[in-house]
Amino acid sequence: MVVAAAATAVAVAHTLVFWLNRNSQVAFLSPYLLKSQDLAERILSLEADLNRQSENTLKEKEEHEKTRTELEVKEKQLEEERQNHTLTVQRHGEELERQSRELERQREELERQGRELKMKDGKLNRMKTLTIVYEKFRQWIEGEASNSSSGFTEFSHSEVDDSIPKDQKYHLGKGSYGIVYKAEPRGKTVAMKILDKSSWQGEREFKQEVGILKRIRHPNLVILLGACSEKFALMYEFLPSGTLEDCLSKEERKESFSWEESQSGNQHMLCSCIPPQYQA
Ligand SMILES: Nc1ncnc2c1ncn2[C@@H]1O[C@H](COP(=O)(O)OP(=O)(O)OP(=O)(O)O)[C@@H](O)[C@H]1O
C-alpha cells in the first residue's frame with residue numbers, strides 16, 4: 001500500500017516536473033523531485049526484493065510442508081512396521097512355545113512307549129522261556145514210554161453211564177469244561193469228570209489230550225486213571241481233602257494270583273515234571 005502510494009506520488013511528481021520544466025516556472029524544485037524519484041526506484045527495488053523473498057519463503061514453506069508430510073507418512077509406515085514386527089515376534093514366540101509343548105508331549109509319549117516296550121519285552125522273554133519249557137515238556141511226553149501210563153483203563157460208554165451217581169452228595173463240583181462226580185467204576189473210587197461236548201472239537205482232540213494226561217506224573221497233579229472217549233469222560237484219582245479254594249481259605253490267603261505268579265507257577269510245575277535231561 002505504502003509502495004503504491006509512493007509510486008503514485010513519484011508519478012505525480014514526474015508529471016509535475018515535466019510540466020514545470022516545460023513551462024520553466026519552478027526549476028528550483030528539480031533536485032527534490034530527483035531525490036524523490038531515486039527514493040521511489042529504491043522502494044520499487046525493495047518491493048521487488050520483498051516479493052522475491054516472499055516467493056522464496058512461500059516456496060520454502062511449501063517445501064517444508066512437503067517434507068513434514070513425507071516425514072509423517074514415513075513415521076506412520078515405521079509405526080505400522082513396528083507393530084507388524086511386534087506381532088511377528090509375538091507369533092514366533094507363541095509358535096515356539098507350541099512347538100516346545102509338542103516336543104515335550106512327544107518326549108513323554110516316547111518315554112511311555114519305551115516303558116511299554118520294556119514291559120512287553122519282559123513279557124515276551126517270559127513267554128519265550130515258557131514256550132521252551134512247554135516244547136521240552138511236549139518232547140518229554142512224546143518220548144515217554146507207554147509204560148508210564150500203566151494202570152490206565154479205557155472205560156465203556158455203559159460203564160460210565162452206570163457209575164454216574166444219582167445222589168447229589170456225590171456231585172463234587174463244576175469246572176469250565178464239565179461236571180465232576182465221585183464215582184466207582186469197576187469198584188475203584190475216582191473223580192469222574194464228564195466233559196461238556198461243546199467245549200471240545202471232537203473225539204480226536206479228546207484222545208490226544210488223554211494221550212498226554214495219562215503219562216503225566218507229578219506230586220502236585222492228580223493221576224488220570226481212565227477215560228471214555230465216547231462219553232468224553234475222564235477218571236482221576238479221588239482227592240478226599242476238598243477243593244483248592246478250601247485249602248487256600250484255610251491258609252487265609254485271600255488275594256488272587258497275578259498273571260506273572262500263575263505263569264511262573266506253571267513254569268515251575270512243568271519244569272518239575274520234566275526229567276533233567278529234557279529241561280531247558
Ligand atoms: N480229583 C479230584 N478229587 C476230588 N475232587 C475233585 C477232583 N477233581 C475235581 N474235583 C472237584 O470238582 C471241581 C471242578 O473241578 P474241575 O477240574 O472240573 O474244574 P476246576 O479245576 O475247578 O476249574 P477249571 O476247569 O475252570 O480249571 C473242583 O473244584 C473240585 O471241587
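A residue counts as buried when its relative accessible area is under 20%. The legends below describe a predicted model.

**View 1. The aromatic pair formed by Phe206 and Phe232.** The structure holds one aromatic pair. Phe206 and Phe232 are arranged edge-to-face, with 5.1 Å from centre to centre and 70° between the planes. Both Phe206 and Phe232 are buried.

**View 2. Where the two partners of the pair sit in the chain.** Phe206 belongs to helix α4 (residues 203–213), while Phe232 lies in the loop between β5 (224–228) and β6, so the pair ties together parts that are 26 residues apart in sequence.

**View 3. The shell of residues around the ligand.** The ligand has 14 residues around it, and those that come nearest are Ser176, Lys193, Glu237, Leu239 and Thr243. Sorted by class, the shell contains seven nonpolar, four polar and three charged residues.

**View 4. Strands that contribute to the shell around the ligand.** At least two residues of the shell come from each of β2 (171–174), β4 (190–195) and β6 (233–237). The largest share, three residues, is supplied by β2.

**View 5. Backbone atoms beside the polar atoms of the ligand.** For Glu237, a backbone N or O atom lies 3.0 Å from a nitrogen atom of the ligand. A polar backbone atom of Leu239 is likewise 3.0 Å from a nitrogen atom of the ligand. At Gly175, a backbone N or O atom lies 3.5 Å from an oxygen atom of the ligand. The ligand taken alone exposes 600 Å², and the protein buries 65% of that.

Note on methods:
Residues are numbered from 1 along each chain as its sequence is written. This is a predicted model: local features need pLDDT of at least 70, side-chain atom pairs count only at pLDDT 80 or more; totals for chains, interfaces and linings use all residues. Side-chain values use heavy atoms; hydrogens and water are left out. A residue is near a molecule or strand if one of its heavy atoms lies within 4 Å of it. A polar contact is a pair of N or O atoms within 3.5 Å; within protein, one must be able to donate a hydrogen and the other to accept it, and residues adjacent in sequence count only if both atoms are side-chain atoms. Accessible areas come from the Shrake-Rupley method with a 1.4 Å probe; for residues, only the protein chains shown count as cover. Helices (H or I, at least four residues) and strands (E, at least two) are DSSP runs, numbered from the N terminus. Ala, Val, Leu, Ile, Met, Phe, Trp, Tyr, Cys and Pro count as nonpolar, Asp, Glu, Lys and Arg as charged, and the others, Gly among them, as polar. Rings of Phe, Tyr and Trp (its six-membered ring) pair if their centres lie within 6.5 Å; planes under 30 degrees apart count as stacked, over 60 as edge-to-face and the rest as tilted. Buried means under 20% relative accessible area, exposed over 50%, partly exposed in between (1.4 Å probe, protein chains only).
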